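Visitor: Could we look through this one together, slowly? I am new to reading structures.
Guide: Of course, and here it is.

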Amino acid sequence: MNIDAELELKMREGDAPSASEAPEPDSIAPDLGPAHEPAPPVVHELRFGNAWEYSPAPETTKVEIAKSYGHFINGRFSEAGADTLDTVNPATEEVLSKVAIAGKKDVNAAVRAARTASEKWAALPGAERAKYLFRIARRIQERSRELAILETLDGGKPIKESRDIDIPLVAHHFFYHAGWCDKLHYAFPGRGRGQVKPHGVCAQIIPWNFPLMMAAWKIAPALACGNTVVIKPAETTPLTLLRLCEIFEEVGLPKGVVNVVCGAGETGALLSQHPGIDKLAFTGSTDVGKILAKIASERGIPITLELGGKSPNIIFADASIDQAVEGIISGIYFNQGHVCCAGSRLFVEEPAADEVIEKLRIRMQSLRVGNPMDKNTDVGAINSKMQLEKIEHYIKIGQDEGAQLESPTSADLPGKGYFCNPCFFTGVQPGHRIAREEIFGPVLAVQTFRTPSEAIERANATPYGLSAGVWTNKGSKMFDMARKLRAGVVWCNTFNRFDAASPFGGYKESGFGREGGVHGLRAYVKG
């Protein structure tokens, strides 16, 4: 805090004169009675300048990043080769490293390694598989600071989110699924010990918004159930998954159990269409998900899809408004809005609309936008230049459609990097594109409603069905709304809460299948 705060005492025009200007006693005017207006009171206005601004608190720990990375196949890293892509720090636009692009030869080698390891890994007693997952989880905790820094450098999210949310959840998923390894027959009633069979080789493709967390969501249940894995990270955020492979080496995970191939869409296409895979899992855009669903159906292999969303966040007038405003902030501005289940459509009951919007303005003024490596930063960098351009395009669309744009944060954005001030639109109509299409950025569309039935109708009027939020102090209303909302996850008086024991997934064009909990295990066993 800057201790050089200014304290200025100002007096309104017409204040009482100072002692040096006061008239002599014999010249004081007589009392004129009620008609006489007394001098206005002195008003003291406190001005603190920049006293409440946070001092910089950068994360200074250095993390070693190699100049180039190859793939992780059959328990070892390959050379990067000539065909590479740059992975860039979105906050500075600096190239962090060069990463190999997997071609047909690399994908074949990865699937072959997974197939070779599959039989032995599946035959390993569950208690022995659990030991590996426990070791991985503990090593993630031991290297958590390194992983958090790398996640922030490569993806742009604030270091406090990587440190306090992402990496702990990564370890949590490995711990949780380690506990299931020798208890799978309890997860599936009617099957005895040894009757729960894995699919075999699982091909997994993960997105750039939660790189390491999405890897844990997929790798941990697959290994717990006895499968082997070939996984492809997003082309913009491969570094933390490659660092996780170092942990696999450290704990002695058998060769070929987890294989990583890097690259862009072409690599994903090679992997998803490979004849040697037995199961496909994907988190990403709805358009790509539809293509993969077609591939899986033609091949006759199971698939799990966690796709896009345009999630409603519904606030009733009887809710705790201050608490709900915090839910709005975490619902849409967490991770710069790069969240599939972000509460990007806000529905406020009309009697509370003015209060909610005013308190939202005030709360947004305190959001700190800037260097993701600063521990005080609330909103970091947009993941890529292409994504920033998409967000800016939608902001212009919203204005062109007649909605009113507000950006109370109004931070001075860094000169370099991909940054966007958090904002919201009022005057949004259901037909507006900003109310219908996934933006995947810090942009909120605010609408109002009069009755619960209207809120339900408007919240469900979307092709998506990933998540929803309800804010009210009436328990009966809360559960009635949750029952009627067509969404895979409904948060009540909270938003964006995750737990490894709780299943997550969507309906409609938000995908199908679940990740996490007992339900998430089902996707990785036969029958």
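**A walk through the model**

Guide: Let us begin at Phe440, which is buried because its relative accessible area is 12%, under the 20% cut-off. Please keep in mind throughout that this is a predicted model.

Visitor: Okay, and where does Phe440 sit?
Guide: Phe440 is in the loop that runs between α13 (433-436) and β15 (443-449). Its backbone deserves a look as well, since Phe440 has a positive phi of about 65 degrees although it is not a glycine.

Visitor: Why bother pointing out the sign of phi?
Guide: Because most residues other than glycine have a negative phi.

Visitor: And what is phi like at Asn335?
Guide: Asn335 also is a residue other than glycine with a positive phi, here near 55 degrees. Asn335 belongs to the loop between α10 (321-332) and β12 (345-349), and with a relative accessible area of 2% it is buried.

Visitor: Let's zoom out. How many helices and strands does the protein have?
Guide: The secondary structure comes to 16 helices and 18 strands. The protein has 527 residues, of which 54% count as buried, and its accessible surface is about 23600 Å², with 53% of that belonging to carbon and sulfur atoms.

Visitor: What share of the contacts links residues 24 or more positions apart?
Guide: If you take the contacts with a separation of 6 or more, residues 24 or more positions apart account for 75% of them.

Visitor: Now the helices: at what angle do α4 and α6 pack?
Guide: Helix α4 (residues 159-180) packs with α6 at an angle of about 5 degrees, and their axes are 9 Å apart. Angles under 35 degrees count as roughly parallel, and therefore α4 and α6 are described as roughly parallel to each other.

Visitor: Which residues make that contact?
Guide: On the α4 side they include Ile167, Leu169, Val170 and Phe174, while on the α6 side Leu212, Met213, Trp217 and Ile219 are among them. The residues of this contact divide into 12 nonpolar, 2 polar and 1 charged.

Visitor: Staying on α6, is Lys218 buried or exposed?
Guide: Lys218, which is placed in helix α6 (residues 211-224), counts as buried because its relative accessibility is 0%.

Visitor: What does the side chain of Lys218 make a polar contact with?
Guide: The partner is the side chain of Thr283, in a polar contact of 2.5 Å. Leaving aside residues up to four places away in sequence, Lys218 touches Gln204, Ile205, Ile206, Ala281, Phe282, Thr283, Glu515 and Tyr524.

Visitor: How about Arg483, buried or exposed?
Guide: Arg483 counts as exposed, because its relative accessibility of 61% is over the 50% cut-off. You can find Arg483 in helix α15 (residues 475-484), where its side chain is joined to that of Asp480 by a polar contact of 2.7 Å.

Visitor: One last spot: where is Gly402?
Guide: Gly402 lies in the loop between α12 (385-400) and β13 (404-406), and with a relative accessible area of 40% it is partly exposed, since that label covers values between the cut-offs of 20% and 50%.

Visitor: And how far apart are Gly402 and Val428?
Guide: They are 26 residues apart in sequence, and in space the distance from C-alpha to C-alpha is 7.9 Å.

Note on methods. Residues are numbered from 1 along each chain as its sequence is written. This is a predicted model: local features need pLDDT of at least 70, side-chain atom pairs count only at pLDDT 80 or more; totals for chains, interfaces and linings use all residues. Side-chain values use heavy atoms; hydrogens and water are left out. Helices (H or I, at least four residues) and strands (E, at least two) are DSSP runs, numbered from the N terminus. Buried means under 20% relative accessible area, exposed over 50%, partly exposed in between (1.4 Å probe, protein chains only). A polar contact is a pair of N or O atoms within 3.5 Å; within protein, one must be able to donate a hydrogen and the other to accept it, and residues adjacent in sequence count only if both atoms are side-chain atoms. Contact means heavy atoms within 4.5 Å. Accessible areas come from the Shrake-Rupley method with a 1.4 Å probe; for residues, only the protein chains shown count as cover. Axes are lines fitted to C-alpha atoms, for helices over the stretch in contact, and angles run from 0 to 180 degrees between N-to-C directions. Angles under 35 degrees count as roughly parallel, over 145 as roughly antiparallel, 65 to 115 as roughly perpendicular and the rest as oblique. Ala, Val, Leu, Ile, Met, Phe, Trp, Tyr, Cys and Pro count as nonpolar, Asp, Glu, Lys and Arg as charged, and the others, Gly among them, as polar.
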